[in-house]
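Good morning, and thank you for the time. I would ask everyone to look at the structure on the screen while I speak.

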Amino acid sequence: MIQKGVSGWRNIAIVGPYLSGKTTLLESLLSVSGAITRKGNVRDGNTVGDSAPEAQQRQMSVEVAAASTEYGGVQFTFLDCPGSIEFAIETYHALMGVG
């Protein structure tokens, strides 16, 4: 059996409802892949995904945040999308970009 190696780029949108843990998932993915040395916390306002002052104040994503990392020879770009319905157009645009 011939096995093909996985290589190249993967663009992944992280989408879900408000308070479902999307930004926390992004922090974990970046931590496991070695892109960051310490996982941030939404409550502490020190996450990669919620770096905007408004996002830190609201303790929720208010815009799409992009983060890249490499793992297993594959380059990943993650788009952390806001879950609140007020920012649904941001998520829609992100989905057009990864599709």
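**A salt bridge, a sheet and a core**

Let me begin with glutamate 54, which is partly exposed, because its relative accessible area is 37%. Please keep in mind that this is a predicted model. Which residue does glutamate 54 form a salt bridge with? The partner is arginine 58, and the closest N and O atoms are 3.1 Å apart. Arginine 58 has a relative accessible area of 43%, so arginine 58 is partly exposed. Both residues belong to helix α2, which covers residues 53–58; because they are four residues apart there, about one helical turn separates them. The structure holds one salt bridge, and no more than that one.

I turn now to the strands. Strand β1, residues 8–14, runs parallel to β3, and seven bridges join the two. In this pairing, isoleucine 12 stands opposite phenylalanine 78 of β3. Strand β2, residues 65–71, is joined to β3 by seven bridges as well, but here the strands run antiparallel. Two bridge partners illustrate this pairing: alanine 66 is matched with leucine 79 in β3, and tyrosine 71 is matched with valine 74 in β3. β2 and β3 form a hairpin with two residues between them. In the turn of that hairpin, glycine 72 has a positive phi of about 60 degrees.

How many of the seven residues of β3 are buried? The number is six, and the strand is thus described as mostly covered.

This leads to the interior. In soluble globular proteins, nonpolar side chains tend to be buried together. In our model, the largest nonpolar core consists of eight residues: Ile14, Leu26, Leu30, Ile36, Ala67, Val74, Phe76 and Phe78. Two elements, α1 (22–33) and β3 (74–80), each supply at least two residues of this core. Of the elements, β3 gives the most, with three residues. Apart from this core lies another, of five residues, including Ala52, Ala55, Met60 and Val62.

Phenylalanine 78 deserves a second look. Leaving aside its neighbours within four places in sequence, phenylalanine 78 is in contact with Ile12, Ile14, Leu26, Leu29, Ala65, Ala66, Ala67 and Thr69.

Next, consider the loop between β3 and α3, where proline 82 lies. Is proline 82 buried or exposed? Proline 82 counts as buried, because its relative accessibility is 4%, and the limit for buried is under 20%. Beyond its neighbours within four places in sequence, proline 82 is in contact with Lys22, Ser61, Val62, Glu63, Val64, Phe87, Glu90 and Thr91. Proline 82 also shows how the chain brings distant positions into one region: threonine 23 is 59 residues away from proline 82 in sequence, and the two C-alpha atoms are 8.8 Å apart in space.

Finally, I come to the surface. Ile89, Tyr92 and Met96 make a nonpolar surface patch of about 340 Å². Methionine 96 is found in helix α3, residues 88–98. Why does methionine 96 count as exposed? The reason is its relative accessibility of 52%, as exposed means over 50%.

Thank you for your attention.

How values were computed
Residues numbered from 1 in each chain as written. Predicted model: local features only at pLDDT ≥ 70, side-chain atom pairs only at ≥ 80, totals over all residues. Heavy atoms only, no water. Core = buried A, V, L, I, M, F, W, Y, C linked by side-chain atoms within 4.5 Å. Buried < 20%, exposed > 50% of the residue type's maximum accessible area, 1.4 Å probe, protein only. Contact = heavy atoms within 4.5 Å. Pairing = 2+ DSSP bridges. Patch = residues over 30% accessible without salt bridge, like charges linked within 9 Å, V, L, I, M, F, W, Y side chains within 5 Å. Areas by Shrake-Rupley, 256 points an atom, 1.4 Å probe, with all protein chains shown as cover. Salt bridge = Lys/Arg side-chain N within 4 Å of Asp/Glu carboxyl O.
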